[in-house]
Amino acid sequence: MAQFVTESLIQACCRLKCIPRNGLNESRLASAISLEVASGYQNTFGRTMRFSSFLHSKLSKWYSRSDHLSAQKLLEEVNGYGTASMSERSKFLNKVSVLMGYSNIQDLIEQERIRKETESDLIANDEFDFSLNFANFPCIKLGDSSFIELYDEFPTTEHGEKLSLPNSGKLVEAWNWLRTSFTSINTLSSSEEVSSINPYHSQEALVTKEIVSHKPSSEVSGSDAPILDKNIRCLPGTTSRQCRQLEESGFHTVRKLLHHFPRTYADLQNAQGPIDDGHYLMFVGTILSSKGIKASSSFAFLEVVVACELLNCESTSEVTGDNCDAEEKKMVYLHLKKFFRGSRFTYQPFLRSIESKYKEGDHVYVSGKVKKMRSKGHYEMREYSIDMLEEEEEHHAQLERRPYPLYPSKAGLKQSFLGDVISRALKILNSDIDPIPSEILAEFNLLNLFDAYTGIHRPNNLAEADLARRRLIFDDFFYLQLGRLYQMLEALGTRIEKEELLGKYKLHELNAACVEDWSPLTQRLLKALPYSLTPSQLNAVSEIIWDLKRPVPMNRLLQGDVGCGKTVVAFLACMEVIGSGFQAAFMVPTELLAIQHYEHLNSLLEGMEGGEGKPNVALLTGSTSSRESRIILKGLQLGDLDMVVGTHSLISEKIEYSALRIAVIDEQHRFGVIQRGRFNSKLYSSPSCWKNDCTNLEEISKEKAHMAPHILAISATPIPRTLALALYGDMSLTQITDLPPGRKPIETSALEGNEIGFEKVYQMMREELISGGKVYLVYPIIQESEQLPQLRAATADFSSISGKFEDYKCGLLHGRMSGEEKENALRDFKSGGTRILLATQVIEIGVDIPDASMMVVVNAERFGIAQLHQLRGRVGRGERKSRCVFLSSMSGSVARLKVLEKSCDGFYLANADLLLRGPGNLLGKKQSGHLPEFPIARLEIDGNILQEAQLAALEVLARSHDLELYPKLKAELSMRQPLCILGD
Ligand SMILES: Nc1ncnc2c1ncn2[C@@H]1O[C@H](COP(=O)(O)OP(=O)(O)OP(=O)(O)O)[C@@H](O)[C@H]1O
């Protein structure tokens with residue numbers, strides 16, 4: 001026995017230091033192989049030479065120690081490593097990985113990753129999680145006590161605290177620690193041990209122990225607390241130990257517990273039809289036997305036989321087409337097998353211990369894949385999950401044939417325990433817990449909350465579970481929308497304004513101002529455009545102008561794919577307010593973009609008919625001289641300036657506008673909620689500062705003079721409508737869905753960035769330049785980095801690219817250049833002075849050079865799909881056919897990039913990305929941080945419920961602007977999201 005313990009400990013410690021399975025400490029080799037694969041087997045700076053000689057030394061050591069034939073063979077091959085092709089290298093390293101004891105090279109890379117993560121976790125937390133380490137070991141024997149399962153659980157101290165190992169970093173310390181820890185575990189009381197061995201039995205044992213003396217619920221969480229917010233200690237029949245366990249796992253209140261939703265339901269009838277090999281089936285049955293069998297000196301297995309009585313639908317359904325009308329029964333015998341390799345698993349006490357977990361006569365729920373055995377009605381299951389059923393549950397499940405809820409495990413709590421306490425929580429609920437008024441429930445065809453909780457946890461059928469889920473998803477969205485709209489209404493003064501706002505959200509599709517109603521200035525700019533607006537652009541301007549004429553501040557998101565022409569729509573909106581005697585501010589995230597927009601607008605204004613009444617526009621960025629800034633600030637304050645284009649400086653406290661009526665925020669997701677909100681404080685307060693020549697002055701009531709400006713946010717990250725609603729539920733949405741005519745799809749290819757790949761790309765670049773095109777070369781970093789040797793850098797490649805394309809001048813553009821340098825680089829590229837621009841991501845947003853016709857993105861695997869689509873949008877903006885090449889240094893990433901070859905439609909890509917990777921990845925870290933958490937809803941599929949929830953929130957607020965009519969709803973809202981400023 002002692003030997004067994006020792007072996008387990010050695011294994012544990014080996015894991016800790018990552019000594020691989022052949023017993024040799026080859027972690028350096030594993031690390032080197034991982035790096036080599038990650039670098040894409042690059043031949044740079046003698047790396048390959050160094051790597052192959054390192055390999056050689058390791059293999060010769062192996063061979064000298066083991067005389068192993070494989071090692072000898074590899075030793076002969078290693079000399080050719082430096083000149084081998086990539087696939088040969090990969091095959092060779094695969095063989096080395098196998099020799100090291102890994103299943104293949106992927107296994108090695110994965111283990112290395114885990115090792116690194118564990119190491120960095122250790123360093124970060126200064127603590128080692130015992131459970132992680134032992135998750136790999138099926139069980140361990142401690143002294144004379146019974147075996148303790150270590151799959152899901154980890155040893156706890158007498159007081160139920162999780163044991164943790166201080167980050168010693170040294171094996172010896174780990175050894176000492178393990179020894180003392182185990183001594184302390186040995187002192188656990190026998191009842192605690194029982195609970196660790198069999199949680200099902202432990203529950204029963206615990207129920208017989210002292211039940212929590214139920215304090216009056218007022219002492220627990222206040223007598224006025226709604227039942228859902230009461231402490232879980234109010235659940236009848238729960239012991240103090242169970243309460244502690246629940247609280248430690250985050251289930252403090254009844255609501256928390258009820259919001260632990262089943263991950264799925266087992267359909268206990270799916271085994272009634274024909275059963276074939278490979279079917280994944282679910283059964284309820286009774287254990288007939290459980291045996292731990294030693295098959296050889298190093299091999300053992302556990303076989304549990306479960307008998308299940310099922311209705312037989314095979315014969316009747318075939319003949320009559322009916323479902324099991326004749327109550328014919330069939331018996332099925334399941335042989336659940338679990339195999340153990342290694343001599344330590346063949347000890348009798350171990351085998352006795354595992355077989356004793358399953359008692360003859362126990363009712364169980366089993367699911368897994370079946371394989372027919374020779375005898376009829378007997379099936380083998382090797383991958384399965386087994387759960388004990390309580391008598392009552394089994395009764396219900398079989399007689400009523402209800403779906404059986406399966407809960408996600410949480411903090412090691414067994415799902416049968418969770419199911420049990422959830423049942424108890426359901427019993428204390430009453431039917432009037434719903435804060436949503438019944439008329440709204442009826443209007444939107446929703447279950448009431450009591451039925452929803454019962455339906456999700458104890459459904460009679462799957463349709464009921466679905467209805468319950470719909471109601472609970474509805475709640476997630478409803479309170480979010482209600483909170484946002486409530487806050488917006490709070491900010492408005494009069495009832496008319498409030499009704500106007502609610503009406504606007506409800507009927508937004510009808511709201512558009514036709515061109516004749518636009519101000520003369522807007523119409524003049526429209527005529528001056530060198531092109532006609534697309535139908536989508538025209539709709540967008542009409543919708544925005546309709547809003548601008550309302551007495552409530554607009555809060556609108558203008559969305560469209562890259563290059564669809566959002567900027568000109570925003571310019572026209574600005575002209576509309578300037579035409580009415582007000583001011584406009586246009587804020588962009590970079591100086592480069594500010595200059596570009598300023599120049600673009602001025603060129604359009606110059607082309608406008610009639611010199612009279614042209615707006616005065618200024619440019620204000622961090623590089624504007626202080627003298628010039630002072631003049632601009634004064635101009636804005638006095639109303640001499642009509643419009644300002646600039647960066648963050650536009651919201652600085654120093655700036656006062658005389659009559660700011662619209663703030664356009666380009667690439668709005670690059671600004672925080674608070675930054676965006678700053679414009680709201682730029683109220684124009686005094687009608688005296690309006691320009692005297694304003695024609696519409698009389699029409700503007702004094703009340704409007706104190707209004708916050710209209711906000712028009714622009715985003716080129718095409719977010720699907722549902723996601724936009726969740727993120728910016730308080731914003732109206734305008735989408736531009738078409739592209740200007742004449743745009744040709746960008747020919748896109750994703751290639752591996754090896755020598756062949758680069759040669760191919762250089763050839764394509766040559767062809768493009770000869771035919772008069774311009775090329776962007778985009779890099780992930782500015783300068784080479786030792787930590788990231790696989791990444792190519794813009795500055796480092798500048799001279800080699802200049803050398804390769806001697807006949808064409810190259811330019812450089814990156815974030816560390818001064819504003820002026822950047823501006824010059826862009827100007828040279830625009831004018832054709834330079835034909836190749838080596839740049840970093842700085843060009844990602846807004847750079848508009850219509851005749852740029854080719855883009856190459858190096859190390860494209862470093863960018864997200866949405867980001868690559870944005871980058872690609874820098875070409876194909878004119879009439880010339882454009883191409884884009886994504887080069888990946890890792891062959892594995894090429895497949896991911898191929899999705900960009902198939903489509904140039906940002907909305908399609910965003911939707912595909914949303915479905916594949918969920919909203920967090922699509923939006924990126926920064927933006928998804930603003931996304932509310934939806935515990936049950938999935939934005940990618942539940943979008944229609946989100947829209948209904950918005951309508952319901954509008955309906956409720958239309959009936960009672962301040963929710964005074966619905967006190968329960970108001971209380972719930974303030975509980976779910978405090979009614980203060982939302983945002984970051
Ligand atoms: N209706 C149109 N017809 C032809 N060309 C247009 C039209 N609308 C805009 N353009 C041109 O298309 C190019 C892209 O327009 P713009 O910069 O406004 O797009 P955007 O949507 O703001 O782009 P990004 O997403 O890259 O910021 C510009 O050169 C612009 O002059």
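This is a guided tour of a predicted model, moving from a parallel sheet to aromatic pairs and then to a group of parallel strands.

Before selecting anything, note that residues are numbered from 1 along each chain as its sequence is written. Local features are restricted to pLDDT of at least 70 and side-chain atom pairs to pLDDT 80 or more, while totals for chains, interfaces and linings use all residues, and side-chain values use heavy atoms, with hydrogens and water left out.

**First stop: the seven-stranded sheet**

Select the strands in the order E16-E17-E15-E18-E19-E14-E20, which form an open sheet with parallel pairing; helices (H or I, at least four residues) and strands (E, at least two) are DSSP runs numbered from the N terminus, and two strands pair if DSSP finds at least two bridges between them. At the edges you will find strand E16 (617-620) and strand E20 (732-736), each of which pairs on one side only. Neighbouring strands here are turned by 20 degrees against each other on average, direction ignored, where axes are lines fitted to C-alpha atoms, for helices over the stretch in contact, and angles run from 0 to 180 degrees between N-to-C directions.

Now zoom in on strand E14 (residues 555-560), which runs parallel to E20 and is joined to it by five bridges; one place to look is Gly560, whose bridge partner in E20 is Ile736. Add helix H24 (residues 566-579), which packs on the sheet, touching E14, E15, E17, E18, E19 and E20 (contact means heavy atoms within 4.5 Å), and whose direction makes about 155 degrees with that of E15. Helix H25 (residues 591-606) also packs on the sheet, where it touches E15, E16 and E17, and its direction makes about 170 degrees with that of E16.

**Second stop: aromatic rings**

A search of the whole structure finds 13 aromatic pairs; rings of Phe, Tyr and Trp (its six-membered ring) pair if their centres lie within 6.5 Å, and planes under 30 degrees apart count as stacked, over 60 as edge-to-face and the rest as tilted. Select Tyr81 and Phe92, whose ring centres are 5.9 Å apart and whose planes stand at 55 degrees, so the pair is tilted. Tyr81 lies in the loop between helix H4 (69-78) and helix H5 (86-100) and Phe92 in helix H5, so the pair ties together parts that are eleven residues apart in sequence. Tyr81 counts as buried at 2% relative accessibility, as does Phe92 at 4% (buried means under 20% relative accessible area, exposed over 50%, partly exposed in between, with a 1.4 Å probe and protein chains only). Showing Arg89 as well, you will see that Arg89 lies over the face of Tyr81, at 5.2 Å from the ring centre; the criterion is NZ of Lys or CZ of Arg within 6 Å of the ring centre and within 35 degrees of the ring normal.

**Last stop: around strand E26**

Select strand E26 (residues 883-888), in which six of its six residues are buried. Arg883, Val885 and Leu887 cover one side, and Cys884, Phe886 and Ser888 the other. Strand E21 (residues 747-752) runs parallel to E26 and is joined to it by six bridges, with Thr748 partnered by Cys884. Strand E25 (residues 852-857) pairs with E26 in the parallel sense over four bridges, and Val856 has Val885 as its bridge partner.
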